[in-house]
Amino acid sequence: MDRETGLGTGHGMGQWAGREVGQETGHELGQRLDRRENAELYAAFEALLDAGPEPPLPSVTDAAVAGGRRIRRRRTAVALAGALVVAVCGVTTAVNVADSRPDSVQQPLAPTSPTPEPTWVPSPVPSPVPTPG
């Protein structure tokens, strides 16, 4: 294939066949645009880096010590909350067990003297009055 003329050799089916000299393919155009965008991006990053001194990096040790304190505080709070839940459950169980025991001085539920049961008396049902029609 002849790159200068853009004409394919043989059957005329090559990559450059049918193109005029100086004409860009989509791939070449994309590469040129990518290079220009990369240069603009590089210039923007350079401007950011040249803007001022970098901030100092924090100490890794200080961060680890602060994290350890935070974990210990959280563990203590969870342990206290768990102990409180266990105490509440224990008190609730003790109160319920104490209430379920029969009291020796407790009054019986049934009355000591028998009362007569009420007798059922049917109520009179009014009879329908015929209406003049």
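Surface patches are made of residues with over 30% relative accessible area and no salt bridge, like charges being joined within 9 Å and nonpolar side chains (Val, Leu, Ile, Met, Phe, Trp, Tyr) within 5 Å. A salt bridge is a side-chain nitrogen of Lys or Arg within 4 Å of a carboxyl oxygen of Asp or Glu. The model is predicted: local features need pLDDT of at least 70 and side-chain atom pairs count only at pLDDT 80 or more, while totals for chains, interfaces and linings use all residues. Residues are numbered from 1 along each chain as its sequence is written, and side-chain values use heavy atoms, with hydrogens and water left out.

The protein chain has two helices and zero strands (DSSP runs, H or I of at least four residues for helices and E of at least two for strands, numbered from the N terminus). Its accessible surface comes to about 12700 Å² (Shrake-Rupley method, 1.4 Å probe; for residues, only the protein chains shown count as cover). Carbon and sulfur atoms account for 62% of that surface. Of the 133 residues, 3% count as buried (under 20% relative accessible area; exposed is over 50%, partly exposed in between; 1.4 Å probe, protein chains only).

A nonpolar patch on the surface is formed by L41, F45 and L48, which together have about 340 Å² of accessible area. L41 lies in helix α1 (residues 26-50), and this residue is partly exposed because its relative accessible area is 48%.

A positive patch (Lys and Arg count as positive, Asp and Glu as negative, His and chain ends not counted) comprises R69, R70, R72, R73, R74 and R75. The place of each charge is taken as NZ of Lys, CZ of Arg, CG of Asp or CD of Glu. R75 is located in helix α2 (residues 60-100) and counts as exposed because its relative accessibility is 60%.
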